[in-house]
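Two exercises follow, each with a worked solution. Please study the sequence and the structure before reading on.

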Amino acid sequence: MKGNVYIADRENHRIRKLHFGLTPSAAPTWSYSPTTSSSSYSNCSSGYSYNNITNSCYMYNSSILLTYTDATAYCNSSSNGWLVTVDDATEFNVIASICDSYCYIGYNDIATEGVWVWQHGDSNYTNWSDGEPESYDTNDDGRIANCAVVDSSQSGRWSDLGCESVFSFICETDPLTTVTPSYYPTLSPSNASIITTIAGTGDANFSGDDGDATNATVNGPAGIVVDVSGNVYFCDLYNNRVRKVTVATGIITTYAGTGSGSHSGDGDQATSADLYFPNGLGIDSAGIVYLLTYYINHCNIVMFLVHQAIYSSLITPIIASAR
Ligand SMILES: [Ca+2]
Ligand SMILES: [Ca+2]
Ligand SMILES: [Ca+2]
């Protein structure tokens with residue numbers, strides 16, 4: 001496809017391809033923390049609201065007044081919730097801001113007078129109003145005071161009142177564990193790319209001609225070109241060859257060079273020619289490949305040579321000229 005990018009990944013001994021416009025088949029892995037989610041993010045069972053300060057879910061309806069037992073049942077039947085457990089000062093402030101009257105929380109000493117427990121989970125946090133808790137509440141018809149309520153008139157601090165009284169209440173649940181973040185990454189076809197290896201295993205060696213290119217070894221790939229059909233040619237520098245990956249099959253072959261690092265073979269088939277560290281390639285619109293190699297002349301001077309490796313009816317590549 002137009003726009004693909006090919007990379008001679010020299011030190012990794014691989015030919016790699018950046019696929020233009022291809023959407024990855026697997027979603028990228030993202031670490032996700034609800035506490036950093038956007039304010040529009042919702043992560044709670046139906047009826048509950050997510051609070052990103054406490055990373056918990058709350059339900060509150062000031063018009064529903066129930067006894068402690070009925071309020072507990074109401075929460076239990078609402079996505080297996082519970083009367084809220086206040087874990088710390090942070091959650092205290094959140095709950096205090098939610099409740100605008102008296103609101104049951106999940107703290108009680110029903111089982112043993114004076115031994116206060118949470119109906120769900122453990123918390124050592126308390127924030128009683130002055131003089132609370134009491135054994136009997138003189139402000140609540142003298143009932144046995146076994147259930148804690150948030151008292152909005154006391155800045156949300158708690159009082160213990162009779163559990164038979166009907167009050168508002170606050171239910172709590174954990175956030176849902178399976179979420180789809182609203183900012184889940186999507187890659188648009190116009191700019192997506194993923195990278196794959198099309199040749200080389202990563203081992204620096206020579207092997208694998210006439211087989212799957214991804215099972216073949218190469219050694220220091222350098223220059224790379226693609227012909228109009230999508231076939232890939234690259235200099236296999238330290239193997240003194242030019243190799244070709246045929247796009248239709250993924251098969252790798254030697255296109256030029258014997259593997260011997262010297263200079264010979266002009267006019268012969270390209271696969272019979274010796275190349276000395278081929279390191280640059282070009283291709284023209286006719287599919288003629290141009291090849292840059294080193295050449296050490298008789299004065300021991302390193303020179304560069306450009307070869308023209310010509311297809312003959314797309315079958316027999318020939319190195320035609322030495323200069
Ligand atoms: Ca809590
Ligand atoms: Ca009590
Ligand atoms: Ca009290």
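Strands (E, at least two residues) and helices (H or I, at least four) are DSSP runs numbered from the N terminus, and two strands pair if DSSP finds at least two bridges between them. The model is predicted: local features need pLDDT of at least 70, side-chain atom pairs count only at pLDDT 80 or more, and totals for chains, interfaces and linings use all residues. Residues are numbered from 1 along each chain as its sequence is written, while chains are lettered from A and ligands numbered from 1 in the order in which they are written.

**Exercise 1.** Determine which strands are the edge strands of the open sheet of five strands, and describe their pairing.

*Solution.*
1. The strand order is β13-β17-β16-β15-β14, with antiparallel pairing.
2. β13 (211-212) and β14 (221-226) each pair on one side only, and are the edge strands.
3. Two bridges join β13 to β17 (residues 251-256); Gly 211 stands opposite Ile 252.
4. At the other edge, β14 pairs with β15 (residues 232-236) over four bridges, and Ile 224 has Phe 234 as its bridge partner.
5. Five residues separate β14 from β15 in a hairpin, where Gly 230 in the turn has a positive phi of about 95°.

**Exercise 2.** Identify which element gives the largest share of the largest nonpolar core.

*Solution.*
1. A nonpolar core joins buried Ala, Val, Leu, Ile, Met, Phe, Trp, Tyr and Cys residues through C-beta atoms within 7 Å; buried means that 20 or more other C-beta atoms, placed from the backbone, lie within 10 Å of the residue's own.
2. The largest such core has 32 residues, and Val 149 is among those with the most contacts inside it.
3. β9 supplies the largest share, five residues.

Key: Buried ≥ 20, exposed ≤ 12 C-beta atoms within 10 Å, placed from the backbone.
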